[in-house]
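Good morning, everyone, and thank you for making time for this short talk. I would like to walk you through one structure slowly, with the picture in view, and to pause over a few single residues on the way.

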Amino acid sequence: MAKRTIRSIPQDRTPVREQPAAERIGSFDEVNLGYDADEAAREAQRCLFCADAPCMSGCPVSVDIPEFIRKVSDKDVQGAYETIARTNLLPAVCGRVCPQESQCESVCTVGGALEPVAIGRLERYVGDLAISEGWSQRPYVVPTPYRVGIVGSGPAGMACAADLAKAGCQVTVFEALHLAGGVLRYGIPDFRLPNEVIDAEIAALERLGVEFRTNTVVGRLFTVEQMVDEMGFDAVFIGTGAGYPTMLGIPGDSLGGVLSANELLTRANLMKARDFPMHDTPIPLGTRVAVVGAGNTAMDAMRVCLRLGAESVQCVYRRSRAEAPARAEELHHAEQEGVEFHWLTNPVAVLDDGEGNVRGLRCQRMELGEPDESGRRRPVPVPGSEFALPCDQVVFAIGTNANPIIGQTSKLVLNRRGYLQVDDAFATSMVGVFAGGDIVTGAATVIEAMGAGRKAAASIKRHLGIRDTSLWYDDPEGARFGIAAHERNFVRLRLAEREPAYSAGPASGAPTVPSTSTAVTAR
Amino acid sequence: MDISDVTFSLEVLHPQMARAARAGQFVIVMTHPEGERVPLTIADFDRDRGTVTLVVQAVGKTTREMQQLCQVGTDLHGMAGPLGVPSTIGSARTVVCVGGGLGVAPVYPQARAFHERGATVIGVLGFRNADLVFWEDKFREVCDELILCTDDGSAGIQGLVTDGLRLALEQHPDVAEVVAIGPPVMMQACAEATRPHGIKTVVSLNPIMVDGTGMCGGCRVRVGDQVRFACVDGPDFDGHAVDFADLRSRLGRYRGEEAQALDHWYHACRRAENAVADDLIPAPTGQGA
């Protein structure tokens, strides 16, 4: 093949087919229809297959992007799936919801001169085909006697569960709600991520032997301590996320028509309130809705309100469009669908109609001042600029905090903001208990949570003494919580006591020798 | 088990939950996959038998449907819990436990817990009339004194629970704590009755909930100058600090939808009955609902 150059590849990004805005706001069907085989092959031909592959460094789990795109270009989609599945368990999900413009696609070489290769859309194409064709990665699994409990079935928990199941552990995932998937299920609406995709990914995990236990609130039904001490789990991973919504704390916050985006989305997505009364959960339906915030959650909330029949939906955000944290594609879709944006506008009070309902939102105009600690220019109020924005429903999408249940009910060390404190190996202050995802970092992205789940899984394997040649063993020896290296392997010692026959089994050495040191050097 | 026409109790087998449950906690129940998640207080639990008891009043679509569907031997679609922070059973020597209407059930485990701690427990139970009285015997076992109040005087004293509470406070000047559970208006009245005496008063709030795990804030309540989530910070709060007006206004926000759901369900039931009837007799015409 002749050497590809920017000049020799298709110049324009292959457009993706979408439902027209006027049609799509009438239903919850997916907006982005995805590539077909020809479109995918055409887009794949735009990749230069750079030797240094900068795109891979932009991916939190380092998917081998050039290799999978080469396979798509060769029409070997199953091969492409296998390439992705080595590092990313949920291509159909990540291809849809990752903010690629700030990750892999932001560093694509083609993007320097032209539009970057549509890596996310290609990944989604491969993931969707894998689901419809029933491909799944069925590695040869060597069973071990280890039992691992995973708290939370969101992206972090799912990724951790997959890696540990492949390593032969018996994995049980505990989920507080009645359906698994975490934010993928209750948060991201069907028009962005159809439920069938989540169902398919969970079914794939079940085929790997992962057991899901829903309606199980860890911390209440049993504690993390009990999982380790009484229930026989050799290790525990906590991936409970940051689902505790923040209210603004302005006057009128508790009026009937004021709710968190989490509540709106949970009612609409998880409880199917959009089908009320065929489903029993009702949803408050304002005709003029104001959504505060401009992240992905805010975009989802606004677009859900449009589909529920709101006459007008307004976005109120205290910074400008350039600072909006939502994905570019979602912001664009929201604009197409008719959301009215009020940039540089800060709500100061929710106005009451005298009967406990919302009459409007009192706002003030802002202007951008000096950059703050986050590097973004700090919005400052313009004196005398207050005005009333008429609306009858207010939705707060201004961020979430750590859920307090695990902190309330265990002795795990928390940081100042209530998140779980972990060391570099994702170990918490309790031996054998690991944590990752939003419950450690605060609200972040799906792929970052998956990355954390996978790294924690590697740490857990090392803790259990399961040798894994793949990655992450360069972890520092230092134990921030004063857990000595041999203690990290206490499970192996305990198993040896429990079942002497087993201790002679694995080839990794005598059970009384702490094998952490060998594992650290094994790359 | 039916307690009255509209009140019934469910004894659910869930050994793990029976072990974990403490007084003051609740569960979230789903009857079927299309159902809603409803919070119900744990009225009793039996660790030996592995059961949790819920007392339900059939007031809307879901609870009426439960009354019909949840017969002995059936399964619930889902039950999550125990949720909420367990009640603090303090060291008070003399306590009054007040239960109004359906609130009688959830106050029982608290009364029992205080009794087990060796406190003198005075129970004050309020019902509309003698026919609605339930669990009197259970309370007599754990209470040193029981004051029964009915609106019409058909059992016990005639009057509201606040009358019973005043009586208890007069007779026992050493009351150190009052626990009051029932409709918001009743809990508010109890808190007002104890406020002049400066007696600690704990109420169990019942706002609208969805997930019950601190994820949506639908159950937020104003306590003092703070916003708290009843599902993870409560449901027990200091009755003197709760903003009851705010709670009542938020409880009413789905009234229209609630009526619509009940209506929809009622008509669906009628259609199902008619479909059965169609097999036997010619379909009636012009039938009104």
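I will begin with the place where the two chains meet, then turn to some residues inside the chains, and end with the salt bridges. Please keep in mind throughout that this is a predicted model.

Let us start with the interface. How many residues does each chain give to the contact? Chain A contributes 40 residues and chain B contributes 47 residues, and between them the two chains bury about 3,500 Å², of which 56% is on carbon and sulfur atoms. On the side of chain A, the residues that lose the most area to chain B are Arg220(A), Leu221(A) and Asp280(A), and together they account for 20% of what that side buries.

One of those three residues, Asp280(A), also takes part in a salt bridge across the interface, where its partner is Lys61(B) and the closest N and O atoms are 2.6 Å apart. The count of salt bridges between chain A and chain B is one, while 16 residue pairs are found in polar contact across the interface, with both residues at pLDDT 80 or more. If you look for the elements of chain A that give two or more residues to this side, you will find β7 (244–245), β8 (258–260), α13 (261–270) and α16 (405–409), and the largest share, four residues, comes from α13(A). By kind, the residues on this side of chain A divide into 22 nonpolar, twelve polar and six charged.

Now I would like to look at a residue of chain B, Asp246(B), which sits in helix α8 (residues 244–251) of that chain. Asp246(B) is buried and yet has no salt bridge, and the nearest side chain of opposite charge, that of Arg250(B), is 5.0 Å away. What does the side chain of Asp246(B) make a polar contact with? The partner is the side chain of Ser254(A), at 2.7 Å, and, if we leave out residues up to four places away in sequence, Asp246(B) touches Ser254(A) and Arg222(B).

While we are in chain B, please also find the peptide bond from Gly234(B) to Pro235(B), which is cis, with omega near 10 degrees. Pro235(B) is found in the loop between α7 (230–233) and β14 (236–238) of chain B.

Back in chain A, there are two residues whose backbone angles deserve a moment. Phe49(A) has a positive phi of about 50 degrees although it is not a glycine, and its place is in the loop between α2 (37–44) and α3 (54–58) of chain A. Asn215(A), likewise not a glycine, has a positive phi of about 55 degrees, and this residue lies in the loop between β5 (211–213) and α12 (224–229) of chain A. Is Asn215(A) buried or exposed? Asn215(A) counts as buried because its relative accessibility is 12%, which is under the cut-off of 20%.

Asn215(A) is also one of the residues in contact with Glu175(A), which is found in the loop between β4 (170–174) and α10 (183–186) of chain A. Glu175(A) is buried, with a relative accessible area of 7%, and its side chain makes a polar contact with the side chain of Ser153(A) at 2.6 Å.

Finally, let us consider the salt bridges, of which the structure holds 35 over all chains. In one of them Arg24(A) pairs with Glu337(A), the closest N and O atoms being 2.5 Å apart. Arg24(A) lies in helix α1 (residues 21–24) and Glu337(A) in the loop between α15 (328–336) and β11 (340–342), so this pair ties together parts of chain A that are 313 residues apart in sequence. Both Arg24(A) and Glu337(A) are buried.

A further salt bridge joins Arg192(A) and Asp300(A), with 2.8 Å between the closest N and O atoms. Because Arg192(A) lies in the loop between α10 and α11 (195–207) and Asp300(A) in helix α14 (residues 296–307), the pair ties together parts of chain A that are 108 residues apart in sequence. Here too, both Arg192(A) and Asp300(A) are buried.

Definitions and conventions
Residues numbered from 1 in each chain as written. Chains lettered and ligands numbered in written order. Predicted model: local features only at pLDDT ≥ 70, side-chain atom pairs only at ≥ 80, totals over all residues. Heavy atoms only, no water. Contact = heavy atoms within 4.5 Å. Buried area = accessible area lost by both parts, 1.4 Å probe. Salt bridge = Lys/Arg side-chain N within 4 Å of Asp/Glu carboxyl O. Polar contact = N/O pair within 3.5 Å; in protein donor to acceptor, adjacent residues only side chain to side chain. Nonpolar A, V, L, I, M, F, W, Y, C, P; charged D, E, K, R; others polar. Buried < 20%, exposed > 50% of the residue type's maximum accessible area, 1.4 Å probe, protein only. Lys, Arg positive; Asp, Glu negative; His and termini not counted.
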